[in-house]
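This report describes selected side-chain contacts, strand pairing and surface exposure in one protein structure. The sequence and the coordinates come first, and the description follows.

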Amino acid sequence: MSLTRQFALTGSVIMLIAMIAAGLFTTEIVSKATVENTASSTALLIDSFLEPMIQGLASEELLPADETAELNRLLRADHFKERFPHLEIWKEGGLIVYSTTPNLVGRRFKPPPGLVTALAGDISAEYADLNALEHRVRDIRSKYLEIYVPIREERSGRVVAVAEIHESTAPLEEKLWWLRLKSWLAVVGATALIMVGLFGIVYRGNKLIRLQQRQLHERLVEIEHTSQHNHILKDRAQRASGRVAELTENYLRRIGADLHDGPAQLISLAALTVEHVRRAQTPAKHEEELQLLNSMLSEALRDIRIMSKGLMLPEIEGLPLPEVIKRVTSNHERRTGTKVSIHCGDISHPLTHGIKICVYRFLQEGLNNAFRHAGGNGQAVTCRLDDSVLNMVVQDDGGMGIGGHASADSGLGLFGMRERVESLGGVFRVSHLPSGGTRVEMSVVVAEGSQDV
């Protein structure tokens, strides 16, 4: 379950319990306050006309006959009797000294709790206990609100008697019903408002958390893919590093073989020619041997210079990529007498020196292969920068050169090109075109913020 549903379930249960508790507590307080307020107003009304009439109880046990008659006249009025159907006046010890029910006068009953409270000087209000003896004597079956009002002596202020008024509960119950309803509505409304507010906060928080979880999951997937890619690149780099050492050794062997089979042989032959020059019998023979010696040494020197020129890398560190490409193709065109078409956009992104060297050797070897195996037919160089990936392509239209058709794994040249590219974490591909030509391609990632170093 989502956090929103969990909160909606648990929060609803908790808020429902809290609402019920708050509603019961509030209605209880409101009901109690209403009853006390009713009792206070009734007590004030009764005390205003009853206290002057029963001051005689301060010195007598029972209420005098004239005061009893006056009370009967007042209490039997219809408007008074409808609201207060019963009234008793109690003294200490549970003695009833006046009652609207004559057969109760002069009798003693167990003092009700309200009477004890009123004798202590406080107003008390409670619903009538129909099981009390005085109520069973009158056969009272309707529930009334009993209000006990202390009657005080005018001079001393002491409680001389207690008036018990039975007030009809119908108006009070109706008033309490409306107050309870309003209290419950207020509690329910406040609870609903709090629940909606909290649900909104939790909903927004849950939405944000789920969004962050989704983004985090996508990020973890991306990191995993990147880690796998880095692991592949690491393996490639390690393999390329090992193969570079092997390639270097092969290059050294090839250079050694070229030196041995070319300049070394010529120099050896020149050494033999020195002896022939020394033994020449005639000036003409001497001059002929010197000319031969000179040609051998010149050829050996030329071979050494050609080999040295191929080994040395021109200064390209400060050049932009288009200028590096132009320099390689110009040298190739001048050396081979062929043409190379260039299709490159404006690449101004800064590149590392290692990438520039890789591009230079890639183009140099690729164009050499195009000339050697295809006779230089349709030589073309294409370069583009897709986001942060540099793509270089050298292709030809095919044909027969001095070296025949090239295969994808032939010679040290293609092998060296592959190792250079993969050592930078790039991809090297060789493919044959339907027209019979060959396409050599490299792709390498150009890191953001790369600088010429």
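Relative accessible area sorts residues into three classes: buried means under 20%, exposed means over 50%, and partly exposed covers what lies in between, with a 1.4 Å probe and protein chains only. The structure is a predicted model, in which local features need pLDDT of at least 70 and side-chain atom pairs count only at pLDDT 80 or more, whereas totals for chains, interfaces and linings use all residues. Residues are numbered from 1 along each chain as its sequence is written, and side-chain values use heavy atoms, with hydrogens and water left out.

**Salt bridges**

A salt bridge is taken here as a side-chain nitrogen of Lys or Arg within 4 Å of a carboxyl oxygen of Asp or Glu. By this rule the structure holds six salt bridges, including those in the table.

| Salt bridge | Closest N and O atoms |
|---|---|
| D386 and R384 | 2.9 Å |
| E222 and R219 | 3.4 Å |
| R439 and E441 | 3.7 Å |

In the bridge between D386 and R384, D386 is partly exposed with a relative accessible area of 35%, and R384 is likewise partly exposed, at 38%. E222 and R219 are three residues apart in helix α6, and are therefore separated by about one helical turn; helices (H or I, at least four residues) and strands (E, at least two) are DSSP runs, numbered from the N terminus. Of these two residues, E222 has a relative accessible area of 43% and is partly exposed, while R219 is partly exposed at 46%.

R439 and E441 fall into separate classes of exposure, since R439 counts as partly exposed at 25% relative accessibility, whereas E441 is buried, with a relative accessible area of 11%. R439 and E441 also belong, together with R429, to a network of salt bridges.

**Aromatic pairs**

Rings of Phe, Tyr and Trp (its six-membered ring) pair if their centres lie within 6.5 Å, and planes under 30 degrees apart count as stacked, over 60 as edge-to-face and the rest as tilted. A search of the whole structure finds four aromatic pairs. One of them joins F199 and Y203, which are stacked at 6.3 Å centre to centre with 20° between the planes. Because F199 and Y203 are four residues apart in helix α6 (residues 170–261), about one helical turn separates them. F199 is partly exposed, with a relative accessible area of 32%, and Y203 is partly exposed as well, at 43%.

The pair of F362 and F428 is edge-to-face, because its ring centres are 6.4 Å apart and its planes stand at 85°. F362 lies in helix α10 (residues 353–374) and F428 in strand β9 (residues 427–432), so this pair ties together parts that are 66 residues apart in sequence. Both F362 and F428 are buried.

**The sheet**

Two strands pair if DSSP finds at least two bridges between them. Five strands form an open sheet with mixed pairing, in the order β6-β7-β8-β10-β9. Strands β6 (341–344) and β9 stand at the edges, each with a single partner strand, so one side of each is left without a neighbour in the sheet. Strand β6 runs parallel to β7 (residues 380–386) and is joined to it by four bridges; S341 has its bridge partner, A380, in β7.

**Surface patch and glycines**

Patches are made of residues with over 30% relative accessible area and no salt bridge, with like charges joined within 9 Å and nonpolar side chains (Val, Leu, Ile, Met, Phe, Trp, Tyr) within 5 Å. A nonpolar patch on the surface consists of W177, W178, L181 and L185, which together have about 440 Å² of accessible area, calculated by the Shrake-Rupley method with a 1.4 Å probe, where for residues only the protein chains shown count as cover. Among these residues, W178 is placed in helix α6 and counts as partly exposed at 44% relative accessibility.

Two glycines can be described by their surroundings. G416, in helix α11 (residues 411–423), counts as buried at 4% relative accessibility; G416 and V244 are 172 residues apart in sequence and 7.7 Å apart in space, C-alpha to C-alpha. G157 is found in the loop between β4 (144–152) and β5 (159–168), and is partly exposed with a relative accessible area of 25%. From G157 to G121 the C-alpha to C-alpha distance is 9.8 Å, with their positions 36 residues apart in sequence.
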